[in-house]
Amino acid sequence: MIIQASLQHAGVLHELGAETFYKAHQDSAPAHELATYMKKAYNLDAIKKELANPVNIYHIIEHEATAAGFSKMALTMNHPAIALERVSKMDQIYLLDSFHGLKLGAKLLRHNIDYSKSRGQNGMWLVVWVGNTTAISFYEKFGFRIVVTDQFHLTDTHLSPCYIMLLEYANNNVQ
Ligand SMILES: CC(C)(COP(=O)(O)OP(=O)(O)OC[C@H]1O[C@@H](n2cnc3c(N)ncnc32)[C@H](O)[C@@H]1OP(=O)(O)O)[C@@H](O)C(=O)NCCC(=O)NCCS
């Protein structure tokens with residue numbers, strides 16, 4: 001089951017976010033840089049603030065009544081390397097390790113794509129760390145393509161190399 005999250009889910013998102021972000025990025029930066037970023041981005045107050053901002057659309061996916069992962073997206077978010085108008089940004093999609101490979105990620109991503117399409121958007125872009133080969137392959141299965149290499153500003157002292165990937169709905173036959 002996929003539910004759209006609201007302020008009452010802040011605690012769940014805080015727990016899911018901290019664990020899954022660390023697991024996915026532990027090889028991307030020194031531990032102290034990751035700790036600094038996570039303290040800033042995934043503390044409970046920060047999550048509450050993000051949830052209270054109507055621009056952010058959070059979903060939680062449950063498996064057998066347990067929260068297995070979450071996503072965060074926003075409609076009409078520009079990127080300088082993307083000329084397409086009215087394009088959504090998939091900001092975060094993370095599942096707990098024990099729920100990988102069950103097609104829950106595919107279900108959650110498809111849900112976000114459908115949500116975006118039904119609101120007249122023309123595509124979806126995202127940022128992925130270059131070392132996250134699992135996620136890159138996963139996105140490619142949906143038709144996302146690398147547009148440009150960029151840098152993700154993790155902290156004031158660490159930039160992580162990343163790809164900007166784009167899915168153009170008009171060119172996409174994958175459901
Ligand atoms: C990336 C992630 C969301 C994928 O979700 P998932 O539930 O494990 O993946 P699914 O079971 O839905 O797999 C969907 C498809 O991708 C494929 N896939 C999954 N991992 C893959 C890999 N390493 N290489 C190639 N294809 C892969 C599956 O085979 C499946 O394809 P199929 O339908 O043709 O069999 C999940 O692994 C995750 O949360 N990873 C950690 C967090 C993360 O890195 N998030 C992205 C940050 S940018």
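This is a short question-and-answer walk through a predicted model of a protein chain with a ligand.

Q: Where do I start, and which residues does UniProt list for the domain?

A: The record is a handy first stop. UniProt, in an unreviewed entry, lists residues 19–170 as "domain: N-acetyltransferase". Over that stretch the chain is 33% helix and 36% strand, and the C-alpha atoms at the two ends are 35 Å apart.

Q: How do I read a helix, and which residues of α3 are buried?

A: Start with the general idea: an α-helix has 3.6 residues a turn, so residues three or four places apart point the same way. Now look at α3, which covers residues 44–52. Ala 46, Ile 47 and Leu 51 are buried there. Looking down the axis of α3, you'd find the buried residues within an arc of 135°, so they line one face of the helix. Asp 45, Lys 49 and Ala 52 sit on the other side of α3 and are exposed.

Q: What about phi angles: which residue has a phi near 65°?

A: Here's the background: most residues other than glycine have a negative phi. Ala 65 has a positive value, near 65°, and is not a glycine. You'll find Ala 65 in the loop between β2 (57–63) and β3 (66–74). With a relative accessible area of 73%, Ala 65 is exposed, because the cut-off for that word is over 50%.

Q: Where is Arg 86 found, and what is the sign of its phi?

A: Arg 86 is in the loop between β3 and β4, and β4 spans 87–95. Its phi is positive, about 50°, although Arg 86 is not a glycine. The relative accessibility of Arg 86 is 41%, so this residue counts as partly exposed.

Q: Is Ser 71 buried or exposed, and which side chain does it contact?

A: To judge this, check the accessibility and then look for a polar partner. Ser 71 belongs to strand β3. Its relative accessibility is 0%, so Ser 71 counts as buried. The side chain of Ser 71 makes a polar contact of 2.9 Å with the side chain of Asn 112.

Q: Now the ligand: how many residues surround it?

A: A good way in is to count the shell, then sort it. There are 20 residues around the ligand, and the closest are Ile 93, Leu 95, Lys 103, Gly 105 and Asn 132. By type, the shell divides into 12 nonpolar, 6 polar and 2 charged residues.

Q: Which polar backbone atoms should I look at around the ligand?

A: Try Ile 93, where a polar backbone atom is 2.8 Å from a nitrogen atom of the ligand. At Lys 103, a polar backbone atom is 2.7 Å from an oxygen atom of the ligand. A polar backbone atom of Leu 104 is 3.5 Å from a ligand oxygen atom. As for cover, the ligand on its own has 940 Å² of accessible area, and the protein covers 75% of that. The elements giving two or more residues to the shell are β4, α4 (104–117), β5 (123–129) and α5 (133–141). The largest share, 6 residues, comes from α5.

Q: One last residue: where does Tyr 169 lie?

A: Tyr 169 is in the segment after β7 (158–168). Its relative accessible area is 9%, so Tyr 169 is buried. It also pays to compare distance in space with distance along the chain. Tyr 169 and Ser 116 are 53 residues apart along the chain, and their C-alpha atoms are separated by 9.9 Å.

Definitions and conventions: Residues numbered from 1 in each chain as written. Predicted model: local features only at pLDDT ≥ 70, side-chain atom pairs only at ≥ 80, totals over all residues. Heavy atoms only, no water. Helix = DSSP H or I, 4+ residues; strand = E, 2+ residues; numbered from the N terminus. Buried < 20%, exposed > 50% of the residue type's maximum accessible area, 1.4 Å probe, protein only. Near = heavy atom within 4 Å. Polar contact = N/O pair within 3.5 Å; in protein donor to acceptor, adjacent residues only side chain to side chain. Areas by Shrake-Rupley, 256 points an atom, 1.4 Å probe, with all protein chains shown as cover. Nonpolar A, V, L, I, M, F, W, Y, C, P; charged D, E, K, R; others polar. UniProt positions renumbered as here; feature names shortened; annotations may be inferred. Arc of directions from axis to C-beta.
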